[in-house]
Protein chains: 2
Amino acid sequence: MGVTKTNLFTKEQNELACYAKVLAHPARIAILQYLLKSNRCINGDLVNELGLAQATISQHLRELKNAGIIQGSIEGVSVSYCIDATNWYKIQQLLNVLFDSLKSLEPKDCC
Amino acid sequence: MGVTKTNLFTKEQNELACYAKVLAHPARIAILQYLLKSNRCINGDLVNELGLAQATISQHLRELKNAGIIQGSIEGVSVSYCIDATNWYKIQQLLNVLFDSLKSLEPKDCC
DNA sequence: TCAGTTTATCGTAATATTACGATGTTAAAA
DNA sequence: TTTTAACATCGTAATATTACGATAAACTGA
(Lines give C-alpha, C1' and ligand atoms only; values in the text may rest on other atoms or scores of the structure.)
Protein backbone atom coordinates (compact mmCIF):
# COMPACT_ATOMS: atom_id res chain seq x y z
CA MET A 1 0.00 0.00 0.00
CA GLY A 2 1.59 3.27 1.02
CA VAL A 3 -0.95 5.37 -0.81
CA THR A 4 -3.18 7.71 1.08
CA LYS A 5 -6.82 6.68 0.64
CA THR A 6 -7.95 10.12 -0.40
CA ASN A 7 -11.45 8.97 -1.25
CA LEU A 8 -12.21 8.17 2.39
CA PHE A 9 -11.92 11.79 3.40
CA THR A 10 -13.73 15.04 2.74
CA LYS A 11 -12.48 17.61 0.29
CA GLU A 12 -11.73 19.93 3.18
CA GLN A 13 -9.70 17.30 5.02
CA ASN A 14 -7.65 16.54 1.94
CA GLU A 15 -7.13 20.21 1.21
CA LEU A 16 -5.96 20.99 4.72
CA ALA A 17 -3.63 17.99 4.67
CA CYS A 18 -2.19 19.16 1.35
CA TYR A 19 -1.38 22.60 2.67
CA ALA A 20 0.14 21.11 5.80
CA LYS A 21 2.28 18.83 3.66
CA VAL A 22 3.80 21.80 1.88
CA LEU A 23 4.71 23.33 5.23
CA ALA A 24 6.05 20.00 6.47
CA HIS A 25 9.68 20.60 5.53
CA PRO A 26 12.10 22.94 7.27
CA ALA A 27 13.58 24.11 3.97
CA ARG A 28 10.18 25.29 2.80
CA ILE A 29 9.56 27.00 6.13
CA ALA A 30 12.95 28.68 5.74
CA ILE A 31 12.10 29.79 2.20
CA LEU A 32 8.82 31.30 3.40
CA GLN A 33 10.53 33.07 6.29
CA TYR A 34 13.11 34.47 3.91
CA LEU A 35 10.32 35.71 1.66
CA LEU A 36 8.44 37.22 4.58
CA LYS A 37 11.55 39.14 5.51
CA SER A 38 12.65 40.29 2.08
CA ASN A 39 9.40 40.34 0.14
CA ARG A 40 10.90 38.63 -2.89
CA CYS A 41 13.83 36.46 -3.82
CA ILE A 42 15.38 34.42 -6.57
CA ASN A 43 16.55 30.82 -6.53
CA GLY A 44 20.19 31.89 -6.19
CA ASP A 45 19.51 33.88 -3.02
CA LEU A 46 18.13 30.77 -1.38
CA VAL A 47 20.99 28.55 -2.50
CA ASN A 48 23.32 30.92 -0.65
CA GLU A 49 21.03 31.33 2.34
CA LEU A 50 20.18 27.68 2.91
CA GLY A 51 23.13 25.50 1.82
CA LEU A 52 21.08 23.16 -0.38
CA ALA A 53 21.83 22.45 -4.02
CA GLN A 54 20.22 24.57 -6.72
CA ALA A 55 18.15 21.67 -8.00
CA THR A 56 16.83 21.01 -4.52
CA ILE A 57 15.81 24.61 -3.94
CA SER A 58 14.11 24.65 -7.30
CA GLN A 59 12.15 21.54 -6.37
CA HIS A 60 10.98 23.08 -3.09
CA LEU A 61 10.01 26.29 -4.88
CA ARG A 62 7.93 24.30 -7.34
CA GLU A 63 6.03 22.60 -4.52
CA LEU A 64 5.31 25.91 -2.84
CA LYS A 65 4.18 27.31 -6.17
CA ASN A 66 2.01 24.31 -7.07
CA ALA A 67 0.24 24.68 -3.74
CA GLY A 68 -0.42 28.34 -4.53
CA ILE A 69 1.54 29.63 -1.56
CA ILE A 70 4.04 31.54 -3.67
CA GLN A 71 4.10 32.83 -7.21
CA GLY A 72 6.98 33.49 -9.54
CA SER A 73 7.52 35.89 -12.39
CA ILE A 74 10.26 35.91 -14.96
CA GLU A 75 12.51 38.89 -14.53
CA GLY A 76 15.17 38.96 -17.17
CA VAL A 77 17.40 35.99 -16.68
CA SER A 78 16.08 35.11 -13.26
CA VAL A 79 12.74 34.30 -11.65
CA SER A 80 11.40 36.45 -8.85
CA TYR A 81 9.32 34.66 -6.25
CA CYS A 82 7.00 36.13 -3.67
CA ILE A 83 4.22 35.05 -1.36
CA ASP A 84 0.74 34.87 -2.82
CA ALA A 85 -1.02 36.98 -0.22
CA THR A 86 -4.53 35.90 -1.15
CA ASN A 87 -3.84 32.22 -0.64
CA TRP A 88 -1.65 32.96 2.35
CA TYR A 89 -4.57 34.41 4.28
CA LYS A 90 -6.87 31.66 3.03
CA ILE A 91 -4.58 28.96 4.40
CA GLN A 92 -4.20 30.76 7.69
CA GLN A 93 -7.95 30.94 8.01
CA LEU A 94 -8.39 27.25 7.15
CA LEU A 95 -5.94 26.36 9.89
CA ASN A 96 -7.53 28.69 12.41
CA VAL A 97 -10.98 27.26 11.75
CA LEU A 98 -9.55 23.92 12.82
CA PHE A 99 -7.63 25.23 15.79
CA ASP A 100 -10.37 27.56 17.03
CA SER A 101 -12.92 24.77 17.20
CA LEU A 102 -11.49 23.31 20.37
CA LYS A 103 -14.15 23.93 22.96
CA SER A 104 -12.30 25.30 25.93
CA LEU A 105 -11.76 22.59 28.46
CA GLU A 106 -10.18 22.65 31.81
CA PRO A 107 -6.55 21.69 31.35
CA LYS A 108 -6.40 17.95 31.75
CA ASP A 109 -10.13 17.65 31.37
CA CYS A 110 -10.20 14.25 29.82
CA CYS A 111 -7.05 12.19 30.10
CA MET B 1 19.70 10.88 -0.43
CA GLY B 2 16.13 11.40 0.75
CA VAL B 3 17.01 12.51 4.24
CA THR B 4 16.06 15.98 5.37
CA LYS B 5 19.20 17.93 6.28
CA THR B 6 17.88 18.95 9.66
CA ASN B 7 21.15 20.51 10.72
CA LEU B 8 20.87 23.24 8.10
CA PHE B 9 17.81 24.72 9.75
CA THR B 10 16.91 26.41 13.01
CA LYS B 11 15.22 24.61 15.87
CA GLU B 12 12.10 26.66 15.25
CA GLN B 13 12.01 25.75 11.56
CA ASN B 14 12.37 22.06 12.31
CA GLU B 15 9.76 22.21 15.05
CA LEU B 16 7.23 23.95 12.85
CA ALA B 17 7.87 21.48 10.03
CA CYS B 18 7.38 18.58 12.45
CA TYR B 19 4.00 19.83 13.59
CA ALA B 20 2.97 20.46 9.99
CA LYS B 21 4.01 16.92 9.11
CA VAL B 22 1.64 15.49 11.68
CA LEU B 23 -1.20 17.51 10.18
CA ALA B 24 -0.19 16.48 6.66
CA HIS B 25 -2.49 13.50 6.36
CA PRO B 26 -6.26 13.59 5.92
CA ALA B 27 -6.78 10.69 8.31
CA ARG B 28 -5.07 12.61 11.08
CA ILE B 29 -7.09 15.71 10.29
CA ALA B 30 -10.21 13.56 10.43
CA ILE B 31 -9.17 12.10 13.78
CA LEU B 32 -8.62 15.58 15.19
CA GLN B 33 -11.96 16.80 13.87
CA TYR B 34 -13.67 13.80 15.42
CA LEU B 35 -11.98 14.57 18.73
CA LEU B 36 -12.93 18.24 18.51
CA LYS B 37 -16.53 17.21 18.06
CA SER B 38 -16.75 14.47 20.66
CA ASN B 39 -14.06 15.45 23.15
CA ARG B 40 -12.73 11.92 23.44
CA CYS B 41 -12.69 8.69 21.53
CA ILE B 42 -11.22 5.22 21.40
CA ASN B 43 -9.46 3.47 18.55
CA GLY B 44 -12.56 1.45 17.72
CA ASP B 45 -14.68 4.58 17.23
CA LEU B 46 -12.28 5.78 14.60
CA VAL B 47 -12.10 2.44 12.80
CA ASN B 48 -15.87 2.70 12.32
CA GLU B 49 -15.82 6.40 11.50
CA LEU B 50 -12.95 6.39 8.98
CA GLY B 51 -12.85 3.05 7.13
CA LEU B 52 -9.20 2.34 7.79
CA ALA B 53 -7.84 -0.80 9.43
CA GLN B 54 -7.35 -0.90 13.17
CA ALA B 55 -3.57 -1.09 12.82
CA THR B 56 -3.55 1.95 10.59
CA ILE B 57 -5.62 4.04 13.00
CA SER B 58 -3.37 2.97 15.83
CA GLN B 59 -0.35 4.10 13.84
CA HIS B 60 -1.88 7.53 13.17
CA LEU B 61 -2.84 7.89 16.82
CA ARG B 62 0.72 7.16 17.83
CA GLU B 63 2.04 9.90 15.57
CA LEU B 64 -0.42 12.42 16.95
CA LYS B 65 0.53 11.36 20.44
CA ASN B 66 4.28 11.48 19.82
CA ALA B 67 3.90 15.01 18.54
CA GLY B 68 2.06 15.92 21.73
CA ILE B 69 -1.14 16.90 19.95
CA ILE B 70 -3.24 14.27 21.70
CA GLN B 71 -2.90 12.22 24.84
CA GLY B 72 -4.31 8.84 25.76
CA SER B 73 -5.24 7.22 29.02
CA ILE B 74 -6.03 3.62 29.70
CA GLU B 75 -9.65 3.15 30.59
CA GLY B 76 -10.41 -0.44 31.38
CA VAL B 77 -9.88 -2.49 28.29
CA SER B 78 -9.68 0.46 25.92
CA VAL B 79 -7.64 3.65 25.57
CA SER B 80 -9.34 7.02 25.65
CA TYR B 81 -7.76 9.71 23.54
CA CYS B 82 -8.28 13.44 23.67
CA ILE B 83 -6.66 16.63 22.46
CA ASP B 84 -3.84 18.03 24.55
CA ALA B 85 -5.17 21.56 24.90
CA THR B 86 -1.91 23.09 26.05
CA ASN B 87 0.04 21.96 23.02
CA TRP B 88 -2.92 22.61 20.76
CA TYR B 89 -2.82 26.33 21.54
CA LYS B 90 0.97 26.36 21.37
CA ILE B 91 0.94 24.95 17.85
CA GLN B 92 -1.77 27.36 16.76
CA GLN B 93 0.33 30.22 18.04
CA LEU B 94 3.47 28.96 16.31
CA LEU B 95 1.58 28.83 13.04
CA ASN B 96 0.04 32.24 13.52
CA VAL B 97 3.39 33.82 14.26
CA LEU B 98 4.45 32.63 10.83
CA PHE B 99 1.28 33.64 9.06
CA ASP B 100 0.90 37.00 10.79
CA SER B 101 4.36 38.12 9.78
CA LEU B 102 3.33 38.84 6.20
CA LYS B 103 3.60 42.58 5.93
CA SER B 104 0.43 43.64 4.22
CA LEU B 105 1.05 44.23 0.57
CA GLU B 106 -1.16 45.38 -2.16
CA PRO B 107 -2.64 42.31 -3.83
CA LYS B 108 -0.25 41.42 -6.62
CA ASP B 109 2.40 43.67 -5.19
CA CYS B 110 5.38 41.77 -6.42
CA CYS B 111 4.77 39.22 -9.15
C1' DT C 1 -8.54 -19.99 34.66
C1' DC C 2 -10.40 -19.13 30.12
C1' DA C 3 -12.53 -16.67 26.54
C1' DG C 4 -13.45 -12.30 24.57
C1' DT C 5 -12.38 -7.42 23.63
C1' DT C 6 -9.37 -3.67 22.59
C1' DT C 7 -4.96 -1.92 21.37
C1' DA C 8 -0.14 -1.87 20.23
C1' DT C 9 3.52 -3.59 17.62
C1' DC C 10 5.94 -6.28 13.97
C1' DG C 11 6.81 -7.30 9.31
C1' DT C 12 6.30 -6.00 4.81
C1' DA C 13 4.64 -4.30 0.20
C1' DA C 14 3.61 -0.20 -2.37
C1' DT C 15 4.47 4.35 -2.95
C1' DA C 16 6.20 9.13 -1.85
C1' DT C 17 9.80 12.33 -0.56
C1' DT C 18 14.37 14.32 -0.43
C1' DA C 19 18.61 15.47 -2.43
C1' DC C 20 21.80 16.22 -6.07
C1' DG C 21 24.53 15.74 -10.48
C1' DA C 22 23.79 16.21 -15.21
C1' DT C 23 21.52 18.22 -18.80
C1' DG C 24 18.26 21.26 -21.11
C1' DT C 25 16.25 26.04 -21.75
C1' DT C 26 15.96 30.91 -21.98
C1' DA C 27 17.44 35.61 -21.91
C1' DA C 28 20.96 39.03 -21.43
C1' DA C 29 25.69 40.36 -22.49
C1' DA C 30 29.78 40.35 -25.19
C1' DT D 1 26.55 34.51 -32.96
C1' DT D 2 28.72 32.87 -28.93
C1' DT D 3 29.08 33.00 -24.19
C1' DT D 4 27.39 33.39 -19.64
C1' DA D 5 24.04 33.29 -15.96
C1' DA D 6 19.95 31.58 -13.81
C1' DC D 7 16.58 28.14 -13.58
C1' DA D 8 13.87 23.98 -14.54
C1' DT D 9 13.69 19.29 -15.34
C1' DC D 10 15.35 14.45 -15.65
C1' DG D 11 17.20 10.45 -13.63
C1' DT D 12 18.30 8.15 -9.67
C1' DA D 13 19.82 6.68 -4.94
C1' DA D 14 18.59 6.79 -0.15
C1' DT D 15 15.10 7.05 2.97
C1' DA D 16 10.31 7.88 4.80
C1' DT D 17 5.41 7.10 4.79
C1' DT D 18 1.15 4.56 4.38
C1' DA D 19 -1.58 0.62 4.89
C1' DC D 20 -2.76 -3.84 6.57
C1' DG D 21 -2.57 -8.79 8.14
C1' DA D 22 -0.75 -11.29 11.87
C1' DT D 23 0.40 -11.55 16.38
C1' DA D 24 1.27 -10.13 21.11
C1' DA D 25 -0.16 -7.81 25.36
C1' DA D 26 -3.45 -6.33 28.84
C1' DC D 27 -7.66 -6.08 30.99
C1' DT D 28 -12.76 -7.84 31.93
C1' DG D 29 -16.10 -10.83 32.90
C1' DA D 30 -17.77 -15.60 33.14
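This is a short dialogue on reading a predicted model with chains A and B.

Trainee: Where do I start with chain A? How many helices and strands does chain A have?

Mentor: Begin with the inventory. Chain A holds five helices and two strands. Read from the N terminus, the order is α-α-α-α-β-β-α.

Trainee: Is chain A a compact globule or more spread out?

Mentor: Compare the radius of gyration with the globule rule. For chain A the radius is 17 Å, well over the 13 Å that the rule gives for 111 residues, so chain A is more spread out than a compact globule. The extents of the C-alpha trace, taken along the principal axes, are about 55 × 35 × 25 Å.

Trainee: Now the strands. In which sense do β1(A) and β2(A) pair?

Mentor: Look at direction, then count bridges. β1(A), residues 70–75, and β2(A), residues 78–83, pair in the antiparallel sense over six bridges. For the register, take one pair: Gly72(A) stands opposite Tyr81(A). In a regular strand the side chains alternate between the two faces of the sheet.

Trainee: Which residue of the hairpin takes a positive phi?

Mentor: Check the turn. Two residues lie between the strands of this hairpin, and Gly76(A) has a positive phi near 65°.

Trainee: What does chain B show for its own strands?

Mentor: β1(B) and β2(B) run antiparallel and are joined by six bridges. Here Ile70(B) faces Ile83(B) across the pair. The hairpin has two residues between its strands, and Gly76(B) in the turn has a positive phi of about 65°.

Trainee: Next, helix packing. At what angle do α2(A) and α3(A) pack?

Mentor: Read angle, distance and hand together. α2(A), residues 26–38, packs on α3(A), residues 43–50, at about 120° with the axes 11 Å apart. The crossing is right-handed. Ala27(A), Ala30(A), Ile31(A) and Tyr34(A) come from α2(A), while α3(A) supplies Leu46(A), Glu49(A) and Leu50(A). By class, that is six nonpolar residues, no polar ones and one charged.

Trainee: Which helix of chain B does α1(A) cross?

Mentor: Carry the reading across the chains. α1(A), residues 11–23, and α2(B) cross at roughly 120°, and their axes come within 8 Å. This crossing is right-handed. On α1(A) the contact residues are Gln13(A), Asn14(A), Leu16(A) and Ala17(A). On α2(B) they are Pro26(B), Ile29(B) and Ala30(B). The contact has five nonpolar residues, two polar and no charged.

Trainee: And the whole interface? How many residues does each chain give?

Mentor: Count both sides, then ask which elements contribute. Chain A gives 42 residues and chain B gives 42 residues. On the chain B side, α1, α2, β1, β2 and α5 each give two or more residues. α1(B) gives the most, with seven. The chain B side divides into 25 nonpolar, 14 polar and three charged residues.

Trainee: How are the two copies related?

Mentor: The general idea first. Two copies of a chain are related by a rotation about an axis and a shift along it. In this model, a turn of 180° and a shift of 0.0 Å along the axis lay chain B on chain A with an RMSD of 0.0 Å. The two copies are thus related as by a two-fold rotation axis.

Trainee: Which residue of chain B comes closest to the rotation axis?

Mentor: Ala20(B) does, with its C-alpha at 2.5 Å.

Trainee: Why can I say that the copies meet through the same surface?

Mentor: Compare the two residue lists. Of the interface residues of chain B, 100% are also interface residues in chain A, so the copies meet through the same surface.

Technical notes
Residues are numbered from 1 along each chain as its sequence is written. Chains are lettered from A and ligands numbered from 1 in the order in which they are written. This is a predicted model: local features need pLDDT of at least 70, side-chain atom pairs count only at pLDDT 80 or more; totals for chains, interfaces and linings use all residues. Two residues are in contact if their C-beta atoms, placed from the backbone, lie within 7 Å. Helices (H or I, at least four residues) and strands (E, at least two) are DSSP runs, numbered from the N terminus. Ala, Val, Leu, Ile, Met, Phe, Trp, Tyr, Cys and Pro count as nonpolar, Asp, Glu, Lys and Arg as charged, and the others, Gly among them, as polar. Copies are superposed by least squares on the C-alpha atoms of residues with pLDDT of at least 70 in both. Axes are lines fitted to C-alpha atoms, for helices over the stretch in contact, and angles run from 0 to 180 degrees between N-to-C directions. A crossing is left-handed if the near helix is turned anticlockwise from the far one by less than a right angle, and right-handed if clockwise. Two strands pair if DSSP finds at least two bridges between them. The radius of gyration is taken over C-alpha atoms; the globule rule is 2.2 Å times the number of residues to the power 0.38.
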